[in-house]
Amino acid sequence: MEDASDSCFEVPPEGSGAEQPPASSQGNAVGEAEKPLLPESSGPVQSEEGCDQMPPQEQSILEEQKQSSLAQWEQPEEVQREEQTSQNSALPENTASGTVTENMTEDNETIRRTGPNFEKTMQSENQEHFPGKVVQQDYHMPDVITVRVQTDSDSFQEVVVKIERPTYNKPFLGGFRNMRTGVEFHNAGSQTRCKKRPNKGTQSFCRETQTVWEKNKPQQTRNTTSTQMTKIGLYVSNMTDKLISPGKYFTAEEYHKRRLEAVIVLQKYFRRWHAINVVQNLREQKRLRLLWEAHEELRKKNEKEEKLRREYERKLNPKTKEDFELLYHDLELWMQEETERINRTLTGAERKAALCALLEQEAQLIACFGRHKLNANEENQHKAILHLLDKCAQPKRWKAYDGKITEMDTQDTLRARELLEIYRSISTKDIPKDERTDVLLTLRCTVKEHECKLTQEIVELIDREIDLISREVKECNLEGLRKRICTLFLQYIKIPKVNPKVAGLLKVPQDPLKLYKNVYFCHSCENYLPSTEFLIPANSHTIGRCRLCYKLDNEARRRESYLKYRLILENLRKSEADYQDDSQIVFLVQLTDLQYMIENIWNCQSALSAWGELYDLVMVRWDKQHEWSPWNTILLTKEEADAHLKLCNLQEAYEAAFIFRIKQKHIRAKNYFAQIPAMSSFLHRSDNQANASSYKTHNSSMKSTEVKEVH
């Protein structure tokens, strides 16, 4: 029963002096008088069981205790108030309510009496107050009690309450003792069953924390000092003493004047030091500038000498088409100089004889060029064959996610590599006879894998050479036979069934139907050639002649060298590719178009310094914000081009007259390339861009003028 299982203490109504001491019981539990202790203001709660069920002797004892306790309440008001306050504080909060409802909860607590010899003390007290009477030692609370509860002003209801036995002893909560009667009163408390926390499945721990309170307070400690003077009976040495005498007095004006003079002196020395540093820096910059200029001059001189040396080497041992172009160009320049000299110095028959001799010298030089060309073609052909076979033998490559290159050999690449090694072995000259015989036998075994007319012929030639080697025939007599074996074996390698990797590298496709695509007729040499063999200018409307016919015509008549223009075009395309802005016009312009621009529009010289060496000139963008085009370019030296590309505003960097001259050259280029159908779309796009940029410039200038007017 909630708040009903505590020990019964009788608390009299306000103004009365009755009190009920607890009766002792076995086990330190006081169970008599289950009547709750409430103030008079609380509602009427009565118990019929509490004392009616006690034995007659105990009831008489309780009656006498009530009468004897009246004397306690006759003590002074202050003592009564203290006892009443401690007694009320000992009551639990739940017993202060005025009524007991039907929904009474079960009480889990009992009063546990603590302290030494409590049972003996209670027995001795009872014997003192009630001598000659038998006091009941053991009393047990019944399991069920009946409580009478007032429901209305004049109606009562009996409620059956089940007593729940506690499973633990209640703690001692303290108490007090009556000084007059010696009766001890113990504080009692009750507590309802607490609500169990739900099990969350995790083990939790409680932990105490403690913070540290710190306080900083500065304190001034004492520092005891003392002085000592000479007196009777004490001698203090004055050997280290100093005599201080006052100096010359000076006023504030004199003081500030001295400070000003000192500041002026400091400024003089600082300015001198600063001027020395400035002059040294300027001298060092001048020295570095002169050193850089000398280094640049030396570099240019070395580059020019190296270029001349390479040109001389190329002319002395020509190997490529560009080398022979230089030879024929120099031959033409030499012929023009000699003809001019003969016409200027000689007349009549002597002039004709000198011109005939000059013509014979020209024919001899052309024949010499032809012999060099044959040797170069043979060497270049051998290099081209090795390059083709080496390309077939290259493994497959791809780049991984980490940037590393992965290589993989297949059966086709291994087969191509094997054929390449055999071809290099049979084409090598000046090797011992034993090694040559081993190479021929290896070639014979390789060729016999495929039976055909070509392989049979190769086997016959191999047997013939082996027979001649065994007869010790001279090497010079075997050159023709060995060349024939190399040629037939090369034909064998170019068969796709023998070497599958070569199928995608042959110029002549294996499928005859592909020959009808992109094949054009050359009216000069009357040959049908693929489109790649025709040099088509940007302004041409017909196919024209092939590259070989153009080359032959140039060697016979004009003898021009396109090497310088080709270098300028290659540098231009490389620089445009580095911009990565999808520029297209530079790849449509051909070599002849660039030559026309340089010679007729830019006059083969730099627009700034008028430098005429084409090897030192490059073409760059005039406005680097737009892609390169013939109407957005400028011809400059390499150093001038680097400085030009660093400019942000061309209108401020160059004078108006120079910009006007550049615009005039751009207009001439537009008029020339407007005849090309492929350039028309780019021309319209560039015009739209120019109009948009001019509109933006006009708007910005108008806004600036408006702002000035407002200010």
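**Exercise 1. Cysteines and disulfides**

Let's start with C546, which is buried, with a relative accessible area of 2%. This structure is a predicted model. Your task: find how many disulfides a search of the whole structure gives, and explain why C546 has no bond to C549.

*Solution.*
Step 1. Recall what we are looking for: a disulfide is a covalent bond between the sulfur atoms of two cysteines.
Step 2. Find the partner to test. The cysteine sulfur closest to that of C546 belongs to C549, at 3.4 Å.
Step 3. Apply the cut-off: a pair of cysteine sulfur atoms must lie within 2.5 Å. The sulfur of C549 is therefore too far from that of C546 for a bond.
Step 4. Widen the view. Searching the whole structure turns up zero disulfides.

**Exercise 2. Sorting by accessibility**

Is C648 buried or exposed? Then place C604, E472 and N603 in their classes too.

*Solution.*
Step 1. Take the cut-offs: under 20% relative accessible area is buried, over 50% is exposed, and in between is partly exposed.
Step 2. C648 has 82% relative accessibility, so it counts as exposed. E472, at 63%, is exposed as well.
Step 3. C604 has 22%, so this cysteine is partly exposed. N603, with 43%, is also partly exposed.
Step 4. For the whole protein chain of 711 residues, 29% count as buried.

**Exercise 3. A loop after α14**

Describe the surroundings of C604, and say what is notable about the phi of N603.

*Solution.*
Step 1. Locate the residues. C604 sits in the loop between α14 and β10 (617–621), and N603 is in the loop between α14 and β10 too.
Step 2. Look at the backbone of N603: phi is positive, about 60°, although N603 is not a glycine. Another case is E472, with a phi near 60°, in the loop between α9 (453–470) and α10 (479–493).
Step 3. List the contacts of C604, leaving aside neighbours within four places in sequence: Y565, I598, E599, W611, G612, L614 and L617.
Step 4. Check one of these partners by distance. C604 and L617 are 13 residues apart along the chain, and their C-alpha atoms are separated by 8.8 Å.

**Exercise 4. Two pairs of packed helices**

The protein chain has 18 helices and eleven strands. How are α6 and α7 oriented to each other, and how are α14 and α17?

*Solution.*
Step 1. Two packed helices are described by the angle between their axes and the distance between the axes.
Step 2. For α6 (residues 348–392) and α7 (residues 411–427), the angle is about 155° and the axes are 8 Å apart. Angles over 145 degrees count as roughly antiparallel, so α6 and α7 are roughly antiparallel to each other.
Step 3. Residues of α6 in this contact include I385, L386 and L389, while α7 contributes A416, L420 and Y423, among others. The residues of the contact of α6 with α7 divide into seven nonpolar, three polar and two charged.
Step 4. For α14 (residues 591–601) and α17 (residues 656–673), the angle is about 140°, with axes 11 Å apart. The helices α14 and α17 are therefore oblique to each other, and their crossing is right-handed.
Step 5. Their contact is made by D593, Y596, M597, N600 and I601 of α14 with K665, R668, A669, Y672 and F673 of α17. By class, the contact of α14 with α17 has six nonpolar, one polar and three charged residues.

Methods. Residues numbered from 1 in each chain as written. Predicted model: local features only at pLDDT ≥ 70, side-chain atom pairs only at ≥ 80, totals over all residues. Heavy atoms only, no water. Axes fitted to C-alpha atoms, helices over the stretch in contact; angles between N-to-C directions. Helix = DSSP H or I, 4+ residues; strand = E, 2+ residues; numbered from the N terminus. Parallel < 35°, antiparallel > 145°, perpendicular 65-115°, else oblique. Contact = heavy atoms within 4.5 Å. Nonpolar A, V, L, I, M, F, W, Y, C, P; charged D, E, K, R; others polar. Left-handed = near helix turned anticlockwise from the far one by under 90°. Buried < 20%, exposed > 50% of the residue type's maximum accessible area, 1.4 Å probe, protein only.
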